[in-house]
Amino acid sequence: MNGSAERLTRFLRTDEVDPAVVTRLLARARELERAPISDALRGQVLGLLFLNPSLRTLASMQAGMSQLGGSSFVIQPGAGSWAIETELGITMDGDRPEHLREAIPVLSEYCNALGVRSFGDAVDLASDLNEPLLSQIDGLTNKPLINLESTTSHPCQSLADWKTLDDLEIPTDGKFVLSWAWHPKPLPLAVAASTLTMAAQRGMDVTLLRPDGYGLPTALMERASAAAAQSGGKLTETSDQADALEGAHVVYAKSWGAPRHYGDPGSEATLRAELRSWCIDESWFATARSDASFLHCLPVRRNVVVADEVLDGPRSRVVQQAGNRLHVQKSVLLEMLGD
Ligand code: CP
C-alpha cells in the first residue's frame, strides 16, 4: 500500500493507496477545481501510452498536465507509432516491430511520469486476474506510473467517481447500486471491479445487481469485500432488480462479459441475447430515492445501455463524472511530481 508520508509512485488501484492519501487526493482535487492553472509542474513531461482507444482519459490527462505548466506526449501504437508486441518469449516475425520491453524503458527516458492503458486481449481470465500486462509494465519503468485502465482496474475513473459522490453530498453510508446493463458485445471487467471497490472503500451500502451468469469473478468480489470490511461498508449481490433498486441513492450502470465465457464471445451470445431488457430507463428508479443519481463512466450506447430519458434527465451525472477526471488526475500528478 502507498503510505501517506511517502511520495506516491504507483497509482494502479484505489484500494492500494493509503486511505489518508485518498483523502488528500480528493481534497487537492477540490482545490484544483477552484484554482485550475499553475506552474507547479513546469518543465515536467507526462508520457501517455494507449494500447487501447480513449477519448476522456487521453484528453483529460493532456489537459491536466498543460494546466499544471507541464507537457505530455501520446503514443498510440499502430496510429503513427510502431505496433507494439506485448507477449513474452515470442518470435517477432509478425506485424508488430516494437516490443513493450524496449518501448517502456525508452519512453521512460523521455518523461517524468508514465500513464499506460492496457486492457489486454481478454483471452484467459485466470491469467488476466493477475494483471500480467500491467505487472510487466510496472517492472519496466522506474518512473511514477499511472494505470489508465488495465484488465481489472480503472483507478482514475474511480477516484473521479468518488469525488462526484462527494460533490453530490451522497452519504458515505448511502445505497450504491452497480447494475449490469446490456451491450452488444462482452466488455472488460475493469470499471465494474474498480467501481465496486471504490464504493465499498467509501463505506457505502453496495449492491451488485446482475443477471445470472454475470457475477464478477471471486477474486474481484473479494477485493471489494476487503475494502468494505476496512471502511465499515456493506457488499451484497443479487439478480433481483426490485430488491436492489429500492431506496438507492445511486445507480451506476456498466456492462461486462460473463466470466464463464471469458475470451469466447460466441459462446456467450445465447446468454446475452435474452437480456436486452437490462437497459436502464426511468422505470428502474420507481422505488429508488426520488433524487437518485445515475452514473456511467462513458462511452455509453444510448437506448442500449441506458435510455435517453435517463441520460438527458436530471439524474444523470455522467458529464460531471467525466469533468472530475481532470481534477483528480491533476491531483495524482501533483502527489507524484509536485514539490
Ligand atoms: N471513461 C473512460 O475512461 O473513457 P475513455 O475510454 O474515453 O478514456
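**Exercise 1. Domain layout**

Determine how far apart the C-alpha centres of domain 1 and domain 2 lie, and how many residues of each are in contact with the other.

*Solution.*
Step 1. In this predicted model, the C-alpha centres of the two domains are separated by 26 Å.
Step 2. The domain assignment gives domain 1 as 10–153 + 324–337 and domain 2 as 169–316.
Step 3. At the contact between them, 18 residues of domain 1 meet 19 residues of domain 2.

**Exercise 2. The sheet that begins with β1**

Establish the strand order of the open sheet that contains β1, and identify its edge strands.

*Solution.*
Step 1. The sheet has 5 strands, ordered β1-β7-β6-β2-β3, and the pairing is parallel.
Step 2. The edges are formed by β1 (10–11) and β3 (71–75), each of which pairs on one side only.
Step 3. The partner of β1 is β7 (residues 145–147), joined to β1 over 2 bridges in the parallel sense.
Step 4. Within this pairing, Phe-11 stands opposite Ile-146.
Step 5. Helix α2 (residues 56–67) lies across β2 (45–50), β3, β6 (113–117) and β7, and its direction makes about 175 degrees with that of β2.

**Exercise 3. The sheet that contains β8**

Work out the order of the open sheet that contains β8, and explain what is left at its edges.

*Solution.*
Step 1. This open sheet is built from 5 strands in the order β10-β9-β8-β11-β12, with parallel pairing.
Step 2. The edge positions belong to β10 (234–238) and β12 (293–295); each has a single partner strand, so one side of each lacks a neighbour in the sheet.
Step 3. From one strand to the next, the twist averages 20 degrees.
Step 4. On the way to the β10 edge, β9 and β10 run parallel and are joined by 5 bridges; in this pair Leu-208 stands opposite Glu-237 of β10.
Step 5. Two helices can then be placed. Helix α7 lies across β8, β9, β10 and β11 at about 170 degrees to β8. Helix α8 (residues 218–231) packs on the sheet, touching β9 and β10, with a direction at about 145 degrees to that of β10.

**Exercise 4. The environment of strand β8**

Decide whether the residues of β8 are buried or exposed, and trace the pairing of this strand.

*Solution.*
Step 1. The criterion is a relative accessible area under 20% for a buried residue.
Step 2. Of the 6 residues of β8 (residues 175–180), 6 are buried, so the strand is largely enclosed by the rest of the structure.
Step 3. Burial applies to both faces: Lys-175, Val-177 and Ser-179 point one way, Phe-176, Leu-178 and Trp-180 the other way, and all are buried.
Step 4. To β9 (residues 205–209), β8 is joined in parallel by 5 bridges, and Val-177 stands opposite Thr-207 there.
Step 5. Between these two strands the chain passes through helix α7 (residues 190–201), giving a right-handed β-α-β crossover.
Step 6. To β11 (residues 250–254), β8 pairs in the parallel sense over 5 bridges; here Trp-180 has Lys-254 as its bridge partner.

**Exercise 5. The nonpolar cores**

Identify the residues with the most contacts inside the largest nonpolar core, and state which domains contribute to this core.

*Solution.*
Step 1. The largest core contains 86 residues, and those with the most contacts inside it are Phe-11, Ile-146, Phe-176, Trp-256, Phe-285, Phe-294 and Leu-333.
Step 2. Domain 1 and domain 2 each supply at least three residues to this core.
Step 3. Another core, of 17 residues, lies apart from it; Leu-49, Leu-100, Leu-133 and Leu-145 are among its members.
Step 4. Returning to Phe-176, its contacts beyond four places in sequence include Leu-165, Met-198, Val-206, Val-250 and Tyr-252.

**Exercise 6. Backbone features in loops**

Locate the cis peptide bond, and give the phi values of Ala-122 and Asn-303.

*Solution.*
Step 1. The bond from Leu-298 to Pro-299 is cis, with omega near 0 degrees; Pro-299 lies in the loop between β12 and α11 (308–311).
Step 2. Asn-303 is also found in the loop between β12 and α11. Its phi is near 60 degrees, a positive value in a residue other than glycine, and Asn-303 is partly exposed at 42% relative accessible area.
Step 3. Ala-122, in the loop between β6 and α4 (125–128), has a positive phi near 50 degrees. Ala-122 is partly exposed, with a relative accessible area of 33%.

Note on methods. Residues are numbered from 1 along each chain as its sequence is written. This is a predicted model: local features need pLDDT of at least 70, side-chain atom pairs count only at pLDDT 80 or more; totals for chains, interfaces and linings use all residues. Side-chain values use heavy atoms; hydrogens and water are left out. Two strands pair if DSSP finds at least two bridges between them. Helices (H or I, at least four residues) and strands (E, at least two) are DSSP runs, numbered from the N terminus. Contact means heavy atoms within 4.5 Å. Axes are lines fitted to C-alpha atoms, for helices over the stretch in contact, and angles run from 0 to 180 degrees between N-to-C directions. Buried means under 20% relative accessible area, exposed over 50%, partly exposed in between (1.4 Å probe, protein chains only). A crossover is right-handed if, with the strands pointing away from the viewer, the path from the first strand over the helix to the second runs clockwise. A nonpolar core is a set of buried Ala, Val, Leu, Ile, Met, Phe, Trp, Tyr and Cys residues joined through side-chain atoms within 4.5 Å. Domain bounds come from an automatic or database domain assignment.
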